[in-house]
Amino acid sequence: MSDLGSEELEEEGENDLGEYEGERNEAGERHGHGKARLPNGDIYEGNYEHGKRHGQGIYKFKNGARYIGEYVRNQKHGQGTFIYPDGSRYEGEWADDLRHGHGVYYYINNDTYTGEWFAHQRHGQGTYFYAETGSKYVGTWVNGQQEGAAELIHLNHRYQGKFLNKNPVGPGKYVFDIGCEQHGEYRLTDVERGEEEEEEETLITVIPKWKATKITELALWTPTLPQEQPAADRPGQEEAPGAEGGGEMVEEVQPLTDVSEGELESTRPGDEEGDAVEDREEFQYDSLDQGNISFEEEEGRQSELLE
């Protein structure tokens with residue numbers, strides 16, 4: 001969901017003095033605690049230093065938004081909470097008037113993002129919680145997008161792999177609570193890679209499709225065991241099939257069947273409903289294509305197998 005709702009709001013500059021009631025220094029500058037009614041209708045009440053907002057303060061915008069937190073030389077800097085006109089809010093660190101550092105954003109649809117910010121965008125390690133489905137994305141973000149190693153956790157299974165531009169890519173696996181894993185790979189299709197630079201304004205459809213390769217038991221961490229004695233020292237014991245290489249232990253995976261639109265809804269990540277379409281954290285992929293399954297369909301298929 002968009003977190004760009006009201007950050008474009010600008011506070012009055014130091015030259016827009018308006019009406020002021022409060023402390024001043026010997027030079028007549030606003031200095032100490034005071035309250036100002038600014039020409040544009042905004043109100044600031046808090047600390048000043050040499051004529052600038054500095055320290056703790058509350059800035060109320062005429063449209064209902066407000067900031068409660070720290071200032072450094074007229075800029076939001078340090079810990080602060082910004083409540084936007086649509087009711088969403090950010091609580092966390094600021095630097096030079098931008099969300100920067102660690103913080104939590106509460107969206108109007110009850111989704112939340114908790115993690116790192118850089119220059120006003122989700123960037124670094126963070127967790128996005130989808131309130132509607134109970135799913136959550138835990139992993140890396142780059143310039144506001146899901147990108148890098150991550151885990152998409154659902155109620156009874158999870159996907160572990162890498163993401164690029166909000167899409168799962170490359171090798172990964174589905175881990176199920178019933179005690180098994182499905183390994184495979186997401187491959188990006190229907191991308192005219194050669195024309196990307198020539199047609200920058202053309203919207204290119206990227207469709208990640210899941211190709212399952214094998215099903216195994218859960219890969220639980222175990223300490224290194226002492227080396228066993230050679231088989232020759234253990235008469236009467238036969239070597240277990242598939243002990244070397246594990247080739248015969250892998251169960252052949254049958255092609256996954258199609259699922260209905262209704263079945264997909266139970267495991268679809270929560271759609272973010274924001275002002276900016278490009279900022280929605282949702283997956284929109286194509287349908288089944290000869291054994292290559294889209295991300296949403298595979299999510300629905302995994303839930304169906306567990307029901």
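These are legends for a set of close-up views of a predicted model.

**View 1. The whole chain, for orientation.** Before zooming in, here's the big picture: the chain carries 2 helices and 17 strands. It has 307 residues, and 38% of them count as buried. The accessible surface comes to about 17,800 Å², with carbon and sulfur atoms making up 46% of that area. If you look at contacts with a sequence separation of 6 or more, 33% of them link residues 24 or more positions apart.

**View 2. K76 and D97 form a salt bridge.** A search of the whole structure turns up 5 salt bridges, and this view shows the one between K76 and D97. The closest N and O atoms of this pair sit 3.2 Å apart. K76 belongs to strand β6 (residues 75–83), while D97 sits in the loop between β7 (89–95) and β8 (98–106), so the bridge ties together parts that are 21 residues apart in sequence. How buried or exposed is each partner? K76 is buried, at a relative accessible area of 5%, whereas D97 is partly exposed at 28%. As a general reminder, side chains of opposite charge can pair when their charged atoms come close.

**View 3. R89 meets E91.** Here the side chains of R89 and E91 come together in a salt bridge, with an N to O distance of 2.8 Å. E91 is partly exposed, with a relative accessible area of 29%. R89 is also listed as partly exposed, with a relative accessibility of 29%.

**View 4. E151 and R158 make a salt bridge.** The closest N and O atoms of E151 and R158 are 3.1 Å apart. Which partner is buried, and which is partly exposed? E151 counts as buried because its relative accessibility is 18%, under the 20% cut-off. R158, on the other hand, is partly exposed at 29%.

**View 5. Strands β12 and β13 form a hairpin.** Pull back a little and you get the strands themselves: β12 (residues 145–153) and β13 (residues 157–164) run antiparallel and are joined by 6 bridges. The hairpin connects β12 to β13 through 3 residues. To find your way along the pairing, start at L152, whose bridge partner in β13 is Y159.

**View 6. From β13 on to β14.** Strand β13 also pairs with β14 (residues 167–176), again in the antiparallel sense, and this time over 7 bridges. A handy landmark is H157, which stands opposite F176 in β14. Between the two strands the hairpin has 2 residues, and N165 there takes a positive phi near 55 degrees. K166 is found in the loop between β13 and β14, and has a positive phi of about 75 degrees despite not being a glycine. That's worth a second look, given that most residues other than glycine have a negative phi. K166 is buried, with a relative accessible area of 15%.

**View 7. The hairpin of β9 and β10.** Strands β9 (residues 112–118) and β10 (residues 121–129) pair antiparallel over 6 bridges. W117 has R122 as its bridge partner in β10. What does the backbone do in the 2 residues between the strands? A119 takes a positive phi near 50 degrees in this hairpin. H120, found in the loop between β9 and β10, is not a glycine but has a positive phi of about 80 degrees. As for cover, H120 counts as buried, with a relative accessibility of 12%.

**View 8. β10 carries on to β11.** Strand β10 is joined to β11 (residues 136–142) by 6 bridges, and the two run antiparallel. Use G124 as your marker here: its bridge partner in β11 is W141. The hairpin of β10 and β11 has 6 residues between the strands, and G134 there takes a positive phi near 80 degrees. If you're tracing side chains in these views, keep in mind that in a regular strand they alternate between the two faces of the sheet.

Technical notes:
Residues numbered from 1 in each chain as written. Predicted model: local features only at pLDDT ≥ 70, side-chain atom pairs only at ≥ 80, totals over all residues. Heavy atoms only, no water. Salt bridge = Lys/Arg side-chain N within 4 Å of Asp/Glu carboxyl O. Helix = DSSP H or I, 4+ residues; strand = E, 2+ residues; numbered from the N terminus. Buried < 20%, exposed > 50% of the residue type's maximum accessible area, 1.4 Å probe, protein only. Pairing = 2+ DSSP bridges. Contact = heavy atoms within 4.5 Å. Areas by Shrake-Rupley, 256 points an atom, 1.4 Å probe, with all protein chains shown as cover.
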